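User: I'd like a close look at one part of this model, followed by how the rest is arranged. Please keep it connected, with the cut-offs explained as you go.

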Amino acid sequence: MDPDQLAKAFVEHYYSTFDANRAGLVSLYQDESMLTFEGQKTQGSQNIVAKLTSLPFQQCQHGITTVDCQPSGPAGGMLVFVSGNLQLAGEQHALKFSQGLVALLGESRALFVSYCLHL
């Protein structure tokens, strides 16, 4: 499969799961995975999902604008950069967001680098 198509499929799966059932993201992380959210580092699949499920909004909808990817490392990894809009329930205006991640797609898991909300 084309790396761009693979990255887009992964991103689509990740954000649809995030929007519908954040706890379902646990299978996409490893014990070595690290999430950096607004300067705070969280490591391990259970801890990352706990962080994501504790965010101050319960319902949201990601609208993806761009997905850019590059092969990374000898093990079939990819560096993926995503940007778009995040619509929170009850809010009139969407927030801009960007996320950079390293995906080890051969293992169907990802090591997330950061998630940033831009107002």
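Let's start with E38: where is E38 found?

Analyst: E38 is found in the loop between β1 and β2. Before we go further, please note that this is a predicted model, in which local features need pLDDT of at least 70 and side-chain atom pairs count only at pLDDT 80 or more, while totals for chains, interfaces and linings use all residues. Residues are numbered from 1 along each chain as its sequence is written, and side-chain values use heavy atoms, with hydrogens and water left out.

What catches the eye at E38 is the backbone: phi is positive, about 50°, although E38 is not a glycine. Most residues other than glycine have a negative phi. E38 is also exposed, with a relative accessible area of 60% (exposed means over 50%, buried under 20%, and partly exposed in between, with a 1.4 Å probe and protein chains only).

The two strands beside this loop, β1 (34-37) and β2 (40-43), lead us to helix α2, because the buried residues of α2 pack against both of them and against α1 (3-20). Helices here are DSSP runs of H or I with at least four residues, strands are runs of E with at least two, and both are numbered from the N terminus. Helix α2 covers residues 45-53, and its buried residues are S45, I48, V49, K51 and L52. Looking down the axis of α2, these buried residues fall within an arc of 155°, so they line one face of the helix; the arc is taken from the directions between the helix axis and the C-beta atoms. An α-helix has 3.6 residues a turn, so residues three or four places apart point the same way.

Two residues of α2 also meet L25. Leaving aside neighbours within four places in sequence, L25 is in contact with Y14, T17, F18, V49 and L52, where contact means heavy atoms within 4.5 Å. A23, in the loop between α1 and β1, touches V49 and T53, again not counting residues up to four places away. A23 counts as partly exposed, at 41% relative accessibility. From A23 to I48 the C-alpha distance is 9.7 Å, with their positions 25 residues apart in sequence.

L25 and L52 bring us to the interior. They are among the residues with the most contacts inside the largest nonpolar core, together with Y14, F18 and V80; this core has 28 residues. Such a core is a set of buried Ala, Val, Leu, Ile, Met, Phe, Trp, Tyr and Cys residues joined through side-chain atoms within 4.5 Å. Two or more residues come from each of α1, β1, α2, β3 (60-72), β4 (77-88) and β5 (95-104), and α1 gives the largest share, six residues.

Now to the strands β3, β4 and β5. Q61 lies in β3, and its C-alpha is 5.8 Å from that of L86, a residue 25 places away in sequence. Beyond its neighbours within four places, Q61 is in contact with D19, N85, L86 and Q87. With D19 there is a polar contact of 3.5 Å between the side chains (a pair of N or O atoms within 3.5 Å; within protein, one must be able to donate a hydrogen and the other to accept it, and residues adjacent in sequence count only if both atoms are side-chain atoms).

S83 sits in β4 and is buried, at 18% relative accessible area. Its side chain makes a polar contact of 2.5 Å with that of T66. Not counting residues up to four places away, S83 touches G63, I64, T65, T66, F97 and S98. In β5 we find V102, which is partly exposed at 24% relative accessibility; its C-alpha is 8.0 Å from that of S72, 30 residues away in sequence.

Stepping back, the protein has two helices and seven strands, in the order α-β-β-α-β-β-β-β-β along the sequence. Of its 119 residues, 42% count as buried. The average pLDDT (the predictor's confidence in each residue, from 0 to 100) is 86, and 86% of the residues score at least 70. Among the elements, α2 has the highest mean pLDDT (95) and strand β7 (residues 116-118) the lowest (51). Where pLDDT is low, the predicted coordinates should not be read in detail.
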